[in-house]
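Open the model in your viewer and keep the sequence panel beside it. We will go from one selection to the next, with a short look at each stop.

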Amino acid sequence: MNIKVETKHDDYRHELDYLGSISDRNLYGAIKRPTSELDYETQRSLRWSTDYYYYIPSGNYQGTREWCTEKGYSKHEAAMAEKSYYMQDLKRLLALYRGDWCYIGIVVTVEHNGIELGSASIWGVESDSDYSDYIEDLKSEALAEAEENYNNLVESFKVPFSELEIEDESLS
């Protein structure tokens, strides 16, 4: 039995709202940044050619300032903590646009003598993450499916070939 693990580029356009967004308009809560940070394609996607773009942070960190001030941070320290989270997300978003990482799919296939007996996959995995746990889980899932399919196949061959019902759907 052969277990094959493949990683494939995931072309599906994933929702990136969790990282925030880039705009050419100064919306509420936007952070003004120099356009030179952006890759060429992202610069071209902005409607107006300007020297600046606006990063609109996600709502993931709402309440961070309040939490920090409750824990004894000054208002300035709390605001800086919140901004540092936003900047981490912006760096991650820009790295995606630059092609430093992408989304991938992990496909595990179990074969025997060239016949696929089972497979399992997961998609939308960040390519630069540690996905070794996914692989082990997928192997277990694919092996369980392979065992079930193999047992069903073996059970189906206990009937002599001459007694198998033939369903001809070629003329229907």
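Helices here are DSSP runs of H or I with at least four residues, and they are numbered from the N terminus. Keep in mind that this is a predicted model.

**Stop 1: helix α3**

Select residues 75–98, which make up helix α3. With 24 residues at 1.5 Å a residue, α3 should span 34 Å, and its end C-alpha atoms are 35 Å apart, so the two values agree. Now colour its buried residues, among them A78, A79, E82, Y86, L90 and L93. The buried residues of α3 pack against β2 (21–23), β3 (31–34), β4 (52–56) and α2 (64–70). Step just past the helix and you reach G99, which takes a positive phi of about 90 degrees.

**Stop 2: E82 and its partner**

Stay in helix α3 and pick E82. Is E82 buried or exposed? With a relative accessible area of 10%, E82 is buried, because that value is under 20%. Show what surrounds E82: beyond its neighbours within four places in sequence, E82 is in contact with Y61, T64 and R65. R65 is also its salt-bridge partner, with the closest N and O atoms 2.4 Å apart. This pair links distant parts of the chain, as E82 is in helix α3 and R65 is in helix α2, 17 residues apart. R65 itself is partly exposed, at a relative accessible area of 42%.

**Stop 3: the nonpolar cores**

Next, select I22, Y53 and Y55, the residues with the most contacts inside the largest nonpolar core, which has 18 residues. Both β4 and α3 supply at least two residues of this core, and α3 gives the most, with 7 residues. Centre on Y55 to see how its contacts spread: leaving aside neighbours within four places in sequence, they include L19, I31, R33, Y86, L90 and L93. A second, separate core has 11 residues, including I106, V110, V125 and A146.

**Stop 4: rings and charges**

A search of the whole structure finds 3 aromatic pairs. One of them joins W101 and Y103 edge-to-face, at 5.2 Å centre to centre and 75 degrees between the planes. Both rings belong to buried residues: W101 has a relative accessible area of 3% and Y103 one of 9%. For an aromatic cluster, select Y61, Y85 and Y86.

What sits over the ring of W101? The charged end of R92 does, 3.9 Å from the ring centre. A similar view awaits at Y52, where K32 lies over the face of the ring at 4.3 Å from its centre.

**Stop 5: following R92**

Keep R92 selected and add D128: the two form a salt bridge, with the closest N and O atoms 2.7 Å apart. D128 lies in the loop between β6 and α4 (132–156) and R92 in helix α3, so the pair ties together parts that are 36 residues apart in sequence. Add E126 as well, and you have a network of salt bridges linking R92, E126 and D128. The count of salt bridges comes to 7. Another one to display is R33 with E37, at 2.4 Å from N to O.

**Stop 6: a loop to finish**

Finally, go to N113, in the loop between β5 (103–112) and β6 (115–126). Most residues other than glycine have a negative phi. N113 is not a glycine, although its phi is positive, at about 50 degrees. With a relative accessible area of 70%, N113 is exposed.

Definitions and conventions:
Residues numbered from 1 in each chain as written. Predicted model: local features only at pLDDT ≥ 70, side-chain atom pairs only at ≥ 80, totals over all residues. Heavy atoms only, no water. Expected span 1.5 Å × (residues − 1). Buried < 20%, exposed > 50% of the residue type's maximum accessible area, 1.4 Å probe, protein only. Contact = heavy atoms within 4.5 Å. Core = buried A, V, L, I, M, F, W, Y, C linked by side-chain atoms within 4.5 Å. Phe/Tyr/Trp six-rings, centres within 6.5 Å; stacked < 30°, edge-to-face > 60°. Lys NZ or Arg CZ within 6 Å of the ring centre and 35° of its normal. Salt bridge = Lys/Arg side-chain N within 4 Å of Asp/Glu carboxyl O.
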